[in-house]
Amino acid sequence: MTGRVVTLRPVAEGDRARLLTWRNSPQVALYMYSDHEIGQAEHDRWFDGIGGRLDRLYWVIELDGEPVGLTSLTEIDRAQGRATIARYLGDLAVRGLGVGAAAEFKLLDHAFSRLGLRKVWSEVLASNEVAWGLHVANGFQREALLRAHVVKGGLPQDVIGLGLLAQDWVERRPEARERLIGKGYDPAGLDAPLPC
Ligand SMILES: CC(C)(COP(=O)(O)OP(=O)(O)OC[C@H]1O[C@@H](n2cnc3c(N)ncnc32)[C@H](O)[C@@H]1OP(=O)(O)O)[C@@H](O)C(=O)NCCC(=O)NCCS
């Protein structure tokens with residue numbers, strides 16, 4: 001392959017410690033709904049609960065073979081054809097390189113093509129302009145303003161809800177792909193399906 005390659009692989013036992021470190025790091029925790037430091041027992045309950053579930057799926061984001069973040073489809077409702085997408089990059093050194101956009105690109109392909117979903121939804125703190133800007137660049141439309149929806153740092157914060165329909169992705173995918181190729185991502189790597 002020529003260029004950067006982002007892959008999504010299923011979470012494995014060896015990720016247990018790094019996911020807790022990433023999730024508790026200030027530059028991730030700042031953007032999550034819950035504010036508190038997550039302890040080992042709470043983390044283990046979450047980690048042990050993610051395997052074997054059909055309604056929530058988690059992948060480690062790798063850049064050129066190195067783990068750098070986590071992405072997920074949760075609240076997967078097969079009857080409704082809908083799921084919620086989220087991600088974070090735990091490795092701060094790779095932020096701003098397009099890794100978040102490439103991970104979203106690959107997960108949207110998976111959600112619409114492999115899982116056959118109809119709609120992908122995301123909720124983002126209104127103050128997190130990078131995260132919702134990334135969604136908008138991929139064709140998500142702002143559908144909701146959830147006022148004072150979560151309390152962060154002791155203050156109520158607004159949340160934006162964004163949605164992308166399968167047909168929106170068909171339309172926006174070529175442009176998103178070109179943008180990532182322009183940032184140095186390998187075209188075959190972008191198009192490669194996720195490992196089963
Ligand atoms: C949100 C996040 C995943 C984005 O990943 P990333 O790889 O750093 O973002 P990208 O490099 O793909 O950039 C996406 C867009 O945002 C812009 N951007 C990225 N970082 C930026 C920054 N610090 N300031 C301004 N713009 C920025 C990029 O220029 C790019 O825009 P473009 O397509 O017009 O070039 C990452 O910042 C992160 O992990 N944040 C903390 C967790 C979080 O907020 N998760 C989302 C909540 S669900």
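## Briefing: an open mixed sheet and its two largest pockets

Glu-75 lies in strand 3. Strand 3 spans residues 66-77 and belongs to an open sheet of 7 strands with mixed pairing. The model is predicted. The points below take the sheet, then the helices, the pockets and some single residues.

**The sheet**

- The 7 strands follow the order 1-2-3-4-5-7-6.
- Strand 1 (6-10) and strand 6 (141-152) are the edge strands, and each pairs on one side only.
- On average, neighbouring strands of this sheet are turned by 30° against each other, with direction ignored.
- Strands of a sheet pair through backbone hydrogen bonds, and the pairing can be parallel or antiparallel.

**Strand 2 and its neighbours**

- Strand 2 covers residues 57-63 and runs antiparallel to strand 3, with 7 bridges joining the two.
- On its other pairing, strand 2 meets strand 1, again in the antiparallel sense, over 5 bridges.
- Trp-59 takes part in both pairings: its bridge partner in strand 3 is Thr-71, and Trp-59 is also the bridge partner of Pro-10.
- Strand 2 is mostly covered, since 6 of its 7 residues are buried.
- Strand 2 and strand 3 form a hairpin with 2 residues between the strands.

**The strand 6 and strand 7 hairpin**

- Strand 6 is an edge strand, and it pairs with strand 7 in the antiparallel sense over 8 bridges.
- Within this pairing, Leu-146 stands opposite Val-159 of strand 7.
- The two strands form a hairpin with 2 residues between them.
- Gly-153 sits in that turn and has a positive phi of about 55°.

**Helices**

- Helix 4 (residues 99-114) lies across strands 1, 2, 3, 4, 5 and 7.
- The angle between helix 4 and strand 1 is about 55°.
- Helix 1 runs over residues 16-24, and its buried residues are Arg-16, Leu-19, Leu-20, Trp-22, Arg-23 and Asn-24.
- Those buried residues pack against two helices, helix 2 (26-29) and helix 3 (40-49), and against strand 3 and strand 4.
- An α-helix has 3.6 residues a turn, so residues three or four places apart point the same way.

**Largest pocket**

- The largest pocket holds about 1400 Å³ of space.
- Its lining has 50 residues.
- Tyr-31, Met-32, Ala-86, Arg-87 and Tyr-88 are the lining residues closest to the centre of the largest pocket.
- By class, this lining divides into 27 nonpolar, 14 polar and 9 charged residues.

**Second largest pocket**

- The second largest pocket has a volume of about 270 Å³.
- Of its 17 lining residues, Pro-10, Val-11, Ile-50, Leu-57 and Tyr-58 lie nearest the centre.
- Pro-10 thus turns up in two places: beside the centre of this pocket and bridged to Trp-59 of strand 2.
- Strand 2 and helix 4 each supply at least two residues of the lining.
- Strand 2 gives the most, with 3 residues.
- By class, the lining of the second largest pocket has 11 nonpolar, 3 polar and 3 charged residues.

**Positive phi outside glycine**

- Most residues other than glycine have a negative phi.
- Asp-64 is not a glycine, yet its phi is positive, about 45°.
- Asp-64 lies in the loop between strand 2 and strand 3.
- Glu-75 is not a glycine either, and its phi is positive at about 50°.
- Asp-64 is placed in a loop, whereas Glu-75 is placed in strand 3.
- Glu-75 counts as exposed because its relative accessible area is 57% and the cut-off for exposed is over 50%.

**Gln-27**

- Gln-27 lies in helix 2.
- Gln-27 counts as partly exposed because its relative accessible area is 33%, which falls between the cut-offs of 20% and 50%.
- Gln-27 touches Leu-92 and Arg-95, leaving aside residues up to four places away in sequence.
- Gln-27 and Gly-90 are 63 residues apart in sequence, but their C-alpha atoms are 7.9 Å apart in space.
- Helix 2, the home of Gln-27, is also one of the elements that the buried residues of helix 1 pack against.

Methods. Residues numbered from 1 in each chain as written. Predicted model: local features only at pLDDT ≥ 70, side-chain atom pairs only at ≥ 80, totals over all residues. Heavy atoms only, no water. Pairing = 2+ DSSP bridges. Helix = DSSP H or I, 4+ residues; strand = E, 2+ residues; numbered from the N terminus. Axes fitted to C-alpha atoms, helices over the stretch in contact; angles between N-to-C directions. Contact = heavy atoms within 4.5 Å. 1 Å grid on protein atoms, 1.4 Å probe; cavity = no way out; pocket = protein on both sides within 12 Å on 5 of 7 lines; lining within 4 Å. Points joined across faces, edges and corners; volume = space filled by probe spheres on them. Nonpolar A, V, L, I, M, F, W, Y, C, P; charged D, E, K, R; others polar. Buried < 20%, exposed > 50% of the residue type's maximum accessible area, 1.4 Å probe, protein only.
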